[in-house]
Amino acid sequence: MSAAEHALASSTDVPLSQRGPAPTRVVAGFGFWLFLLSDIVIFAALFAAYSVLSGETAGGPSGAELFDHKHVFIETLCLLASSVTCGFGSLAVQRAERPSVYFWMALTFLLGGTFLALELGEFRDLLTHGAGPSRSAFLSAFFALVGTHGLHVTIGLCWLIVMLMQVATLGFRPMVARRFFCFGLFWHALDIVWVGVFTIVYLGAR
Amino acid sequence: MEAQIQSAQIQSAQVQSAQGESPGVSVRTHGHRRTYLIGLGYALALTIASFWAASTDLVFPPGVPVLLGVLAIAQMGVHLVFFLHISSAPDQTNNFLALAFGVFVVALIVFGSMIIMTNLNHNMAMPTTP
């Protein structure tokens, strides 16, 4: 048993009142985790609206007529792959390996960008076929839910660029590493929301 | 000097484990590419199963939504465990409790809305022919 492991094992004997304040990294991570959960509550409201309104097509096209499973499958693969490359990038941040961080995070950006391009292409197709958000309650709810997710991905991509610039200019300071860590949480949480989107919106359409 | 650094590291490890960990960091799964790859494998299998279930004729049609729901919840679990490294370990109590509350609120919003709106639809249904 190494010294560090020994310290880990014995630390449980210290009473809660004598453990002192938690390090900033833990506090920041927990705070961001709470933010993510509240973000997921926003998505829950949009999911609820979609579930209630998914049948209200007002004589317009229904989901089963509009959605292309193959297209959604490719989108899903892009987002899943970007989640894994983001994980590899986070590991590289922990080891402070600059080239590796650039490589994995660039790949994450590329895959996230591909996802966004595919989604915007789908929106464009829907709009040109007269199935915009004003066509029916179903399409309003669809654009609100999927659009909010797309907006989150867009914000994530902007955040990723900022983080890469911070690594380039500030290096791997604890502050930058913490922010990168929060970005990783955000990106993985978006992938979890997408699982709900493709199941309820795309595969659930019938 | 080196001994000082080492003791500082031990102390910081002690403080961290004593005060719990933030999500995304687990003592056991910390720093392994393999964790992500295992998660990718499970997530891929569940995704393919979901898309297969939605398009196949082999499954009893009314059972398809249930199957899709189970697969989606399983995949969310895989993402939480392998990508966000959430676990029920003692150092993760705060994260786990927050997650449990989040899931509770989400379920309340989604199922509550669906039950109320279905009930309203049922009560306010107009006869289609006069």
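**Chain B and helix H6 of chain A in a predicted model**

In this predicted model, 63% of the contacts in chain B between residues at least 6 apart in sequence join residues at least 24 apart.

User: What makes two residues count as being in contact here?

Analyst: Two residues are in contact if their C-beta atoms, placed from the backbone, lie within 7 Å.

User: Which secondary structure elements does chain B have, and in what order do they run?

Analyst: Chain B has four helices and zero strands. From the N terminus on, its elements run α-α-α-α.

User: Which domains are given for chain B, and what separates their centres?

Analyst: The domain assignment gives domain 1 (27-85) and domain 2 (90-130) in chain B. Taken over C-alpha atoms, the centres of domain 1 and domain 2 of chain B are separated by 23 Å.

User: Why is the span of helix H6 of chain A described as close to that expected?

Analyst: Helix H6 (residues 137-170) of chain A has 34 residues, and the expected span is 1.5 Å times one less than that number, which means 50 Å. From its first C-alpha to its last, H6(A) reaches 48 Å, close to that value.

User: What makes a residue of H6(A) such as A:Phe142 buried?

Analyst: A:Phe142 is called buried because 20 or more other C-beta atoms lie within 10 Å of its own. Other buried residues of H6(A) include A:Leu145, A:His149 and A:Gly156.

User: Against which helices of chain A do the buried residues of H6(A) pack?

Analyst: They pack against helix H2 (24-53), helix H3 (63-66), helix H5 (98-128) and helix H7 (174-203) of chain A.

Notes: Residues numbered from 1 in each chain as written. Chains lettered and ligands numbered in written order. Predicted model: local features only at pLDDT ≥ 70, side-chain atom pairs only at ≥ 80, totals over all residues. Domains from an automatic or database assignment. Helix = DSSP H or I, 4+ residues; strand = E, 2+ residues; numbered from the N terminus. Buried ≥ 20, exposed ≤ 12 C-beta atoms within 10 Å, placed from the backbone.
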